[in-house]
Protein chains: 4
Amino acid sequence: MIVVMKPGAPEESVEEVIRLIKETSYQPHVLRGALQTVIAAVGDGREKSRIESLESLNYVERVLPILKPFKLASRETVEGDTIVKVNDVEIGGKRLAIMAGPCSVEGMEQIIGIARDVKQSGANILRGGAFKPRTSPYSFQGLAEEGLKMLAAAREATGLPIVTEIMNPREVDLVYQYTDIMQIGARNVQNFSLLKEVGKLDKPILLKRGLSTTIDEWLMSAEYILAEGNRNVILCERGIRTFETATRNTLDLSAVPVAKARTHLPIVVDPSHGTGYWQYVSALAKAAVAVGADGLMIEVHNKPEIAFSDGAQSLKPKKFDILMKEIAPIAEAVGRTL
Amino acid sequence: MIVVMKPGAPEESVEEVIRLIKETSYQPHVLRGALQTVIAAVGDGREKSRIESLESLNYVERVLPILKPFKLASRETVEGDTIVKVNDVEIGGKRLAIMAGPCSVEGMEQIIGIARDVKQSGANILRGGAFKPRTSPYSFQGLAEEGLKMLAAAREATGLPIVTEIMNPREVDLVYQYTDIMQIGARNVQNFSLLKEVGKLDKPILLKRGLSTTIDEWLMSAEYILAEGNRNVILCERGIRTFETATRNTLDLSAVPVAKARTHLPIVVDPSHGTGYWQYVSALAKAAVAVGADGLMIEVHNKPEIAFSDGAQSLKPKKFDILMKEIAPIAEAVGRTL
Amino acid sequence: MIVVMKPGAPEESVEEVIRLIKETSYQPHVLRGALQTVIAAVGDGREKSRIESLESLNYVERVLPILKPFKLASRETVEGDTIVKVNDVEIGGKRLAIMAGPCSVEGMEQIIGIARDVKQSGANILRGGAFKPRTSPYSFQGLAEEGLKMLAAAREATGLPIVTEIMNPREVDLVYQYTDIMQIGARNVQNFSLLKEVGKLDKPILLKRGLSTTIDEWLMSAEYILAEGNRNVILCERGIRTFETATRNTLDLSAVPVAKARTHLPIVVDPSHGTGYWQYVSALAKAAVAVGADGLMIEVHNKPEIAFSDGAQSLKPKKFDILMKEIAPIAEAVGRTL
Amino acid sequence: MIVVMKPGAPEESVEEVIRLIKETSYQPHVLRGALQTVIAAVGDGREKSRIESLESLNYVERVLPILKPFKLASRETVEGDTIVKVNDVEIGGKRLAIMAGPCSVEGMEQIIGIARDVKQSGANILRGGAFKPRTSPYSFQGLAEEGLKMLAAAREATGLPIVTEIMNPREVDLVYQYTDIMQIGARNVQNFSLLKEVGKLDKPILLKRGLSTTIDEWLMSAEYILAEGNRNVILCERGIRTFETATRNTLDLSAVPVAKARTHLPIVVDPSHGTGYWQYVSALAKAAVAVGADGLMIEVHNKPEIAFSDGAQSLKPKKFDILMKEIAPIAEAVGRTL
């Protein structure tokens with residue numbers, strides 16, 4: 001940590017800071033510039049909040065962190081890249097993970113039909129929501145356990161492992177029984193109670209970035225899961241909230257190389273939520289592969305115009321099939337396979 | 001809902017939209033302009049997602065909502081202003097609700113001391129965290145039930161009702177036993193499972209605005225609580241996330257008159273999280289009263305420089321006391337009392 | 001500047017940084033932590049870009065600035081507060097500067113009528129646009145010199161000094177002849193050519209904050225004007241761009257105490273652009289006075305429903321009159337007068 | 001335009017709106033829903049501000065635009081894609097436009113050396129700044145005309161056409177003499193005076209998106225240039241300002257397909273400013289090609305660690321050369337050539 005004193009801070013205020021740093025596990029080092037004094041507090045990060053609280057002193061201008069706050073998620077901790085295995089699918093390896101399916105599970109026929117379609121086009125994981133986080137309490141909230149059963153039936157029919165969202169710590173046991181990958185949605189990225197619960201499980205967790213979560217905060221949320229013992233975390237960039245209204249969110253593709261520079265965890269991209277309009281999904285899916293993502297999560301619906309949710313951002317199976325063909329040469333260009 | 005067709009959309013695409021609207025409970029009304037056709041879908045909002053999904057059609061340019069999505073939270077539903085009562089304190093009435101206390105409960109002596117100080121200065125509710133949502137799993141996570149007991153002791157010692165945060169649906173029963181007001185933090189504003197749980201309780205809920213939650217989305221989160229039967233919801237503006245880094249968040253004081261125009265629920269302002277620096281807290285607290293807030297939530301700590309969390313944004317009791325004196329004439333100027 | 005090396009950076013990379021710092025006017029000071037080495041570069045800021053470019057080196061993680069970048073605008077440079085004088089009006093003194101008038105000058109009768117109305121209510125400066133920055137080239141662009149003449153006539157009729165916007169370096173001489181204060185609009189806050197031109201004038205400049213300008217960047221724009229010799233700069237907070245759509249912009253009232261902590265320049269607040277809706281203007285105007293602003297800039301129009309621009313955010317003269325009466329006790333509460 | 005009345009608006013308020021719409025060139029059409037009345041105002045957009053000003057009426061809840069505001073920039077106006085020609089380089093055709101070079105022109109040897117390097121790697125346009133928009137007045141402001149002469153010498157030496165920034169209407173004639181493409185920087189995207197000036201020229205304009213400019217506003221800025229007669233506008237996405245601090249800006253690659261859906265103008269992407277760190281430039285450059293951009297603008301410097309500006313985001317010539325080789329198969333995958 002770097003404690004920046006105000007210009008003209010008297011000597012006794014510098015000494016007070018030194019004394020308070022010494023009361024922690026940090027060591028102070030003083031640097032006097034022509035205009036301002038800077039005190040470096042060297043330590044291992046555990047009492048970071050104590051050093052941060054020095055900002056409350058009158059003559060302290062700002063406290064700046066130096067160390068990255070994550071440990072288990074950090075590239076420095078784990079050699080190479082983490083590969084998450086789900087049955088015979090590897091996420092983070094050479095082959096891209098393609099998660100496709102409807103926003104919501106709406107019925108047995110719907111989910112099995114779409115599962116067959118996306119498998120045929122080359123998807124290797126089936127997505128579908130049974131518990132839906134909706135802005136309005138009056139919107140369709142998902143089919144709950146009935147939906148989970150339909151997902152399991154679709155897995156049986158196609159062999160595709162499934163990923164579905166968990167919203168409530170009380171439902172962890174239920175969802176665990178049915179799913180292969182548990183998804184933590186964007187709105188729960190800092191639901192620390194839920195993160196701790198899924199951190200105790202032995203199934204992979206797909207952790208979506210929050211609407212206004214910085215990349216470092218997102219990695220800290222991954223750290224919550226890792227710290228509980230579950231090392232199988234898949235990151236998912238799905239767009240952040242900005243002033244732009246032409247798209248539902250602003251897909252932050254730079255998050256892929258930035259996250260990869262900082263963490264060993266795999267990262268996939270969701271261009272459906274990232275853009276909000278099917279018209280833009282294919283272009284952004286191709287860009288996501290080119291930028292180095294380990295996979296994609298794409299909403300596919302056979303009748304998007306009557307979907308219970310997110311119809312506007314769902315590809316029809318045929319368009320998804322074309323996209324998969326278009327992605328192949330780009331994947332190859334960046335050393336990946338489908 | 002307004003369905004805007006693309007310029008040059010053929011007649012059969014207009015007819016397809018009309019047919020699909022008629023399959024729902026909405027009624028279509030067509031308006032043909034010189035350049036574009038617009039179809040108004042008149043209905044009561046229950047099948048809103050169905051109309052929204054029409055955006056997936058090739059010749060539909062955009063679907064625009066007209067009706068405000070909230071019902072129970074809406075000014076149109078309830079006459080006058082909702083006043084939330086906690087013992088003899090009224091939130092939303094003429095007298096301002098002043099919630100003050102430390103970010104975290106750190107010890108018995110600390111919390112009782114601060115409670116006495118803030119009461120003496122005129123606070124009428126004690127705040128303090130026992131379960132702390134922290135970005136890092138390695139930061140102080142709160143004293144949990146031990147902290148709740150200390151809060152209860154401070155209430156006993158001072159008579160001040162208490163407000164404390166709940167993070168996990170599993171802890172609702174525990175926190176319920178001790179607290180007078182349950183706080184839903186900014187990161188859980190769209191934790192819909194938790195909202196539904198506290199919606200079943202008979203104690204008031206203080207619902208903080210999320211870091212990137214629009215005012216309408218925030219009211220929809222309140223609607224989740226109201227829809228479960230709990231009508232005692234207090235809104236709390238605490239700053240939103242923007243590009244500005246000179247403050248921890250950007251306190252959105254316009255949210256007060258905007259929310260008051262749309263809802264009957266009371267709204268308080270938290271200038272501590274809103275700014276992140278005690279140096280700016282008093283100015284923004286005064287502005288919050290002037291803008292029409294029903295109360296304030298302010299972090300007060302006797303030794304902010306060694307606080308376990310958020311020291312930089314905590315006022316010392318003496319500064320809080322001065323602030324209360326400065327607020328009095330502003331409160332009077334806008335027809336309120338302390 | 002603080003140069004943070006990556007964990008595990010080899011000794012020769014540290015030495016390379018030291019060598020490159022020594023090639024500039026900065027002096028390096030090395031601090032070795034358990035995990036990371038940090039090199040403080042002590043200097044006076046003139047070759048800042050050179051130190052920043054060290055971030056391009058492989059083993060450098062980040063370069064952090066320590067010194068605030070502004071000099072003439074800084075509180076450390078000038079003792080006390082700058083008071084800008086326009087005829088007998090002082091901006092930054094005890095009495096609040098109240099700038100009121102229409103968005104656009106639309107006609108002689110309109111501007112003189114409104115000028116008389118706002119003067120009667122207590123405004124001491126008349127605002128009105130003759131050159132209008134409009135998003136669309138097809139929107140009303142202002143009456144240009146004709147509008148300036150009408151403003152001058154309104155000044156003659158009422159004695160109120162006038163403030164009007166300048167957009168083009170080529171029009172500086174023209175606008176200079178007519179106006180008392182020159183306004184640089186939000187979209188030109190980093191139009192450095194224009195800033196340099198008005199920096200050479202001897203009339204006060206009102207510098208609006210940009211839609212996505214940090215407070216420090218805004219003060220650097222003020223620095224451009226000050227550095228050319230014009231010391232009469234008035235800052236104007238007018239809302240920043242965020243994700244919230246219920247208001248036109250998000251008025252950042254914390255910018256007032258933050259700016260006042262960093263600069264000696266006076267700062268006024270524009271709640272009309274800040275909110276975009278007249279319904280919210282009065283509440284935010286009161287908050288602006290309570291937060292410590294040196295004045296207000298408010299759009300007033302006699303017939304907002306047929307205004308050429310910004311009708312939705314304009315107060316009618318009667319509402320403005322009520323607002324002025326409501327502001328008086330708040331001004332008094334914070335030690336100001338109207 | 002859609003005028004949404006408040007729930008419960010009395011009949012006379014509806015009639016007032018109808019009357020005021022009839023005073024303009026718009027025609028009103030009334031739609032009465034169960035809860036709210038909506039009035040569609042059908043017209044051609046010229047008196048849009050007049051309809052917008054109806055929002056000032058007490059019983060009007062919101063005025064929503066329907067028509068896209070741009071005309072000449074619109075896909076509906078021009079058939080096919082606009083291809084901008086600069087000597088024998090086509091921007092917007094099958095072959096990608098690769099603009100590369102240093103942030104600032106720093107000296108004759110530097111610019112000619114880099115020009116030769118980037119040409120050898122496959123760049124077809126040379127970029128370099130002679131007038132630099134810098135946040136601080138104390139930073140290097142560019143070599144001005146001397147820099148323009150060096151650029152011209154580099155063109156002579158390599159045959160590459162050049163693109164350089166223009167900041168001041170007064171310097172248009174000067175820059176025009178030397179450059180092949182004139183760049184309007186992000187900070188001047190709504191400097192309407194400058195846009196009008198360059199709209200009168202017969203050389204292509206590269207128009208960067210502003211830091212907080214929506215895609216539609218950006219297209220309206222292009223419309224300013226087109227409306228003056230200059231039809232050779234190249235759009236350049238260069239990142240927008242968000243809360244994320246790991247990158248300098250957030251590169252919005254969805255802007256490419258969104259803009260392409262709305263306009264016939266070509267669009268290139270600048271991943272150097274978009275990310276701010278050379279480490280991420282290559283990944284985003286590849287993504288930009290995959291998403292469908294018509295070209296790239298990339299900062300290349302032979303000694304970034306001592307660059308006068310933006311060293312951290314500049315690629316060394318060797319890295320640029322590798323990037324060009326990596327881009328080739330991606331370009332091919334999306335039907336483009338280098």
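Colleague: In what order do the four strands of the open sheet in chain A run?
Modeller: Bear in mind that this is a predicted model. The pairing in this sheet of chain A is antiparallel, and the sheet is open. Going across it, the order is β2-β3-β1-β4.

Colleague: And which strands of chain A stand at the edges?
Modeller: Look for strands with a single partner, because one side of each is then left without a neighbour in the sheet. In chain A those are β2 (27–32) and β4 (60–64).

Colleague: How much does the twist average from one strand to the next?
Modeller: That average is taken over the sheet of chain A, whose pairing is antiparallel. From one strand to the next, the twist averages 20°.

Colleague: Which residue in β3(A) stands opposite I2(A)?
Modeller: Strand β1 (residues 2–5) of chain A pairs with strand β3 (residues 37–42) of chain A over three bridges, in the antiparallel sense. Opposite I2(A), in β3(A), stands A40(A).

Colleague: What angle does the direction of helix α1 of chain A make with that of β2(A)?
Modeller: Helix α1 (residues 11–22) packs on the sheet of chain A and touches β1, β2, β3 and β4. Relative to the direction of β2(A), the helix direction comes out at about 155°.

Colleague: On to the assembly: what kind of axis relates chain B to chain A?
Modeller: Chain B superposes on chain A with an RMSD of 0.0 Å after a rotation of 180°. The shift along the axis is 0.0 Å. That is the relation of a two-fold axis.

Colleague: Which residue of chain B comes closest to that rotation axis?
Modeller: The axis here is the one that takes chain B onto chain A. Going by C-alpha, the closest residue of chain B lies at 3.0 Å, and that residue is S212(B).

Colleague: Which helix gives the most to the side of chain B that touches chain A?
Modeller: In this interface, 46 residues of chain B are in contact with 46 residues of chain A. Helices α2 (48–52), α6 (192–199) and α7 (215–227) of chain B each supply at least two residues to that side. With five residues, the top contributor is α7(B).

Colleague: Why do chains B and A meet through the same surface?
Modeller: It comes down to how the interface residues of chain B match those in chain A. The copies meet through the same surface because the share of chain B's interface residues that are also interface residues in chain A is 100%.

Colleague: Now chain C: which residue of chain B has the C-alpha nearest the axis?
Modeller: A turn of 180° and a shift of 0.0 Å along the axis lay chain B on chain C, with an RMSD of 0.0 Å. The nearest C-alpha in chain B is 2.1 Å from that axis and belongs to A287(B).

Colleague: Which helix gives the most to the side of chain B that touches chain C?
Modeller: Here 35 residues of chain B are in contact with 34 residues of chain C. That side of chain B divides into 21 nonpolar, 10 polar and four charged residues. The helix that gives the most, with nine residues, is α10(B).

Colleague: Are α10(B) and α10(C) roughly parallel or antiparallel?
Modeller: Both helices span residues 278–291, and their axes are 7 Å apart. They pack at an angle of about 155°. That makes α10(B), relative to α10(C), roughly antiparallel.

Colleague: How many nonpolar residues are in the contact of α10(B) with α10(C)?
Modeller: A283(B), A287(B) and A290(B) are among the contact residues on α10(B), and L284(C) is one of those on α10(C). The contact has two charged residues and no polar ones. The nonpolar count is 11.

How values were computed: Residues numbered from 1 in each chain as written. Chains lettered and ligands numbered in written order. Predicted model: local features only at pLDDT ≥ 70, side-chain atom pairs only at ≥ 80, totals over all residues. Least-squares fit on C-alpha atoms with pLDDT ≥ 70 in both. Contact = placed C-beta atoms within 7 Å. Pairing = 2+ DSSP bridges. Axes fitted to C-alpha atoms, helices over the stretch in contact; angles between N-to-C directions. Parallel < 35°, antiparallel > 145°, perpendicular 65-115°, else oblique. Nonpolar A, V, L, I, M, F, W, Y, C, P; charged D, E, K, R; others polar.
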